[in-house]
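Here are some notes for a colleague who is opening this structure without having seen it before. They are set out as numbered points, to be read beside the sequence and the model.

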Amino acid sequence: MTITDRLWLWSQPVAAVVAAAAGIVAWVLQLSGDVSALPTLQALITGSFVLPGLALSLVINHITVTLRRPPHLTIGEKLLLVIEFVVVVAVVAITLTPDALILGYLLWPLLIAVAGLAFGVMASNTLRSRRVQRGDEEERVDDAVVVESDRVA
């Protein structure tokens with residue numbers, strides 16, 4: 001596995017840690033009663049719900065991909081991650097503007113849709129690769145049985 005493949009593979013858990021940390025900060029601020037660091041309602045919603053949900057989604061995707069042998073991301077999965085990360089950056093960027101709440105209402109569902117699509121593609125590709133791997137292993141076992149039976153005969 002190349003360094004680029006490793007970077008792509010670990011981009012999801014790294015982004016998940018950042019999103020989870022931001023969510024924890026938002027929760028702590030709410031529990032302390034000092035939400036002045038969250039300047040808008042959109043920042044409150046993004047920090048409390050969107051970023052923790054994103055973190056969970058990215059962790060699930062990473063676990064799904066690590067079930068492959070070898071674990072790797074396809075070109076389509078990388079493209080979906082880039083789109084997902086761009087939408088996240090856009091959501092976080094507009095959270096500081098009180099007048100951009102309508103954009104949040106539009107981008108949150110888009111982020112959920114992209115995250116769901118990414119999971120669907122990653123899960124499907126993982127299942128497909130596991131089936132192929134299982135078929136290859138069964139074929140090797142069958143070949144070994146044939147070779148062994150030839151030796152016995």
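1. The model is a predicted one, and a good place to begin is with its charged pairs, since the count of salt bridges in it comes to two. One of them is formed by the side chains of Lys78 and Asp5, with a distance of 4.0 Å from N to O. This pair links distant parts of the chain, as Lys78 belongs to helix 3 and Asp5 to helix 1 (residues 3–32), 73 residues apart. Lys78 has a relative accessible area of 17% and is therefore buried, the cut-off being under 20%, whereas Asp5, at 28% relative accessibility, counts as partly exposed.

2. Another salt bridge joins Glu77 and Arg68, whose closest N and O atoms are 2.5 Å apart. Both partners are on the buried side of the cut-off: Glu77 has a relative accessible area of 0%, and Arg68 has one of 2%. As general background, side chains of opposite charge can pair when their charged atoms come close.

3. Which side chain of opposite charge is nearest to Glu84, and how far away is it? The answer is Arg68, at 12 Å, and Glu84 is buried yet has no salt bridge. Because a salt bridge needs a nitrogen of Lys or Arg within 4 Å of a carboxyl oxygen, a distance of 12 Å does not qualify. Glu84 lies in helix 3 (residues 75–94), and, when residues up to four places away in sequence are not counted, Glu84 touches Leu54, Ser57, Leu58, Leu111, Val114, Ala115 and Ala118. A reader may wish to look at this residue in the viewer.

4. For the chain as a whole, the picture is of four helices and zero strands, so that the order of elements from the N terminus on, by the definition of helices and strands used here, is α-α-α-α. Buried residues make up 34% of the 153 residues. Of the contacts with a separation of 6 or more, 76% are accounted for by residues 24 or more positions apart. The accessible surface comes to about 9300 Å², and 72% of this belongs to carbon and sulfur atoms.

5. Helix 1 has 30 residues and reaches 42 Å from its first C-alpha to its last, which is close to the 44 Å expected at 1.5 Å a residue. A kink of about 35° lies in this helix at Ser11, shortly before the proline Pro13. Ser11 and Pro13 are themselves among the buried residues of helix 1, which also include Leu9, Gln12, Ala16, Ala19, Gly23, Ala26 and Leu29. Helix 1 is followed by Gly33, whose phi is positive, near 85°.

6. Helix 2 (residues 41–66) has 26 residues, which should span 38 Å at 1.5 Å a residue, and the distance of 37 Å between its end C-alpha atoms agrees with this. The helix nevertheless has a bend of about 40°, placed at Gly47. In the loop between helix 2 and helix 3 one finds Pro70, and the peptide bond that joins Arg69 to Pro70 is cis, with omega about -5°.

7. Helix 3 has 20 residues, for which a span of 28 Å is expected at 1.5 Å a residue, and its end C-alpha atoms, 29 Å apart, agree with that. Its buried residues are Glu77, Lys78, Leu80, Leu81, Glu84, Val87, Val88, Val91 and Ile94. When reading such a list, it helps to recall that an α-helix has 3.6 residues a turn, so residues three or four places apart point the same way.

8. Two residues of helix 3 can be set side by side: is each of them, Val88 and Leu79, buried or exposed? Val88, which is found in helix 3, counts as buried at 14% relative accessibility. Leaving aside its neighbours within four places in sequence, Val88 is in contact with Leu54 and Leu111, and its C-alpha atom is separated by 8.6 Å from that of Leu107, 19 residues apart along the chain. Leu79, which also lies in helix 3, counts as exposed at 52% relative accessibility, and from C-alpha to C-alpha Leu79 and Ala118 are 9.3 Å apart in space, though 39 residues apart in sequence.

Key:
Residues numbered from 1 in each chain as written. Predicted model: local features only at pLDDT ≥ 70, side-chain atom pairs only at ≥ 80, totals over all residues. Heavy atoms only, no water. Helix = DSSP H or I, 4+ residues; strand = E, 2+ residues; numbered from the N terminus. Expected span 1.5 Å × (residues − 1). Bend = angle between axes of the 7 residues up to and from the residue. Buried < 20%, exposed > 50% of the residue type's maximum accessible area, 1.4 Å probe, protein only. Lys, Arg positive; Asp, Glu negative; His and termini not counted. Contact = heavy atoms within 4.5 Å. Areas by Shrake-Rupley, 256 points an atom, 1.4 Å probe, with all protein chains shown as cover.
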